[in-house]
Amino acid sequence: MQLKLAVLVLPVSDVDRAKSFYEAVGFRLDADHVIDASYRVVHMTPPGSACSILFGSGVTTAASGSVRGLHLVVSDIEQACRELAARGVVTGGIFHDTSGVFHRSTDEKRVEGPDPQCRDYHSYAEFSDPDGNEWVLQEVPARA
């Protein structure tokens, strides 16, 4: 059996603002369906991804901005941060975690700069959408 992650639902407070933000990040607009005043579905896909995001009105009861730790894999984290900055998206500085496994949700063991050994899965940067949904860029030059 194959299980393919297809869609992540994001809670947002302003659908048009979220749509504009994700377009600026470079996500492709797949659908924007307005059913009525209480139900709208926006479906967008990050470049190169098979998994998409979905947000809108009436699609989730989760609090706006409550999603944390969504990861986007990039082959060059420094280039990705420069490209996002050129698009008006503010990222935190590049960092790595000295525990050597995965970054923590806190600043504990977090060190500024990319992983000094340039290991796959060890360099990160973060950004948030206008509601505060948190994304993490993770550098993986050659995915296994």
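**Entry 1: the loop around Tyr121**

I started with tyrosine 121, which I found in the loop between strand 7 and strand 8. Strands and helices here are DSSP runs numbered from the N terminus (E, at least two residues, for a strand; H or I, at least four, for a helix). Before going on, I noted that this is a predicted model, where local features need pLDDT of at least 70 and side-chain atom pairs count only at pLDDT 80 or more, while totals for chains, interfaces and linings use all residues. Residues are numbered from 1 along each chain as its sequence is written, and side-chain values use heavy atoms, with hydrogens and water left out.

Back to the loop. Tyrosine 121 has a phi near 70°, a positive value in a residue other than glycine. Its relative accessibility is 30%, so I put it down as partly exposed. The cut-offs are under 20% relative accessible area for buried, over 50% for exposed and partly exposed in between, with a 1.4 Å probe and protein chains only.

I then checked cysteine 118, which sits in the loop between strand 7 (110-112) and strand 8 (124-128). This residue isn't a glycine, yet its phi is positive too, at about 55°. Cysteine 118 counts as exposed because its relative accessibility is 60%.

**Entry 2: Val140**

Which residues does valine 140 touch, if I skip those up to four places away in sequence? I got Val73, Val74, Ser75, Asp120 and Tyr121, where contact means heavy atoms within 4.5 Å. Valine 140 itself lies in the segment after strand 9. At 4% relative accessibility, it counts as buried. I also looked up its distance to isoleucine 77: the C-alpha atoms are 8.5 Å apart, although 63 residues separate the two in sequence.

**Entry 3: helix 2**

Ile77 led me to helix 2 (residues 77-86), whose buried residues are Ile77, Ala80, Cys81 and Leu84. They span an arc of only 100° around the axis, so they lie on the same side of helix 2; the arc is taken from the directions from the helix axis to the C-beta atoms. What do these buried residues pack against? I listed helix 1 (15-25), strand 5 (70-74), strand 8 and strand 9 (134-139).

I looked at the ends as well. At the N-terminal end, aspartate 76 is the cap, with a side-chain oxygen 3.1 Å from the backbone nitrogen of glutamate 78. Just after helix 2 comes glycine 88, with a positive phi of about 85°.

**Entry 4: the open sheet**

Next I traced a sheet. Four strands make up this open sheet, in the order 1-4-3-2, with mixed pairing. Two strands pair if DSSP finds at least two bridges between them. Strand 1 (7-9) and strand 2 (28-36) are at the edges with a single partner strand each, so each has one side without a neighbour in the sheet. On average, neighbouring strands are turned by 20° against each other, direction ignored. The axes behind that angle are lines fitted to C-alpha atoms, for helices over the stretch in contact, and angles run from 0 to 180 degrees between N-to-C directions.

Strand 1 and strand 4 (residues 52-57) run parallel and are joined by three bridges. I found that valine 9 has leucine 54 as its bridge partner in strand 4. A reminder to myself: strands of a sheet pair through backbone hydrogen bonds, either parallel or antiparallel.

**Entry 5: Ser52, Thr45 and Asp30**

Serine 52 is in strand 4, and threonine 45 is in strand 3 (residues 39-45). Are they buried or exposed? Serine 52 counts as buried at 5% relative accessibility, and threonine 45 counts as buried at 3%.

Their side chains share a polar contact of 2.6 Å. That term means a pair of N or O atoms within 3.5 Å; within protein, one must be able to donate a hydrogen and the other to accept it, and residues adjacent in sequence count only if both atoms are side-chain atoms. The side chain of threonine 45 also makes a polar contact of 2.4 Å with the side chain of aspartate 30.

**Entry 6: aromatic rings**

How many aromatic pairs does the structure hold? I noted eight. Rings of Phe, Tyr and Trp (its six-membered ring) pair if their centres lie within 6.5 Å; planes under 30 degrees apart count as stacked, over 60 as edge-to-face and the rest as tilted.

One pair is tyrosine 22 with phenylalanine 27, which is tilted at 45° between the planes and 5.1 Å centre to centre. Phenylalanine 27 and tryptophan 135 have ring centres 5.8 Å apart and planes at 85°, so that pair is edge-to-face. Phenylalanine 27 is in the loop between helix 1 and strand 2, and tryptophan 135 is in strand 9, so the pair ties together parts 108 residues apart in sequence. Both of these residues, phenylalanine 27 and tryptophan 135, are buried. I ended with the cluster linked by ring pairs: Phe21, Tyr22, Phe27, Phe55, Phe127 and Trp135.
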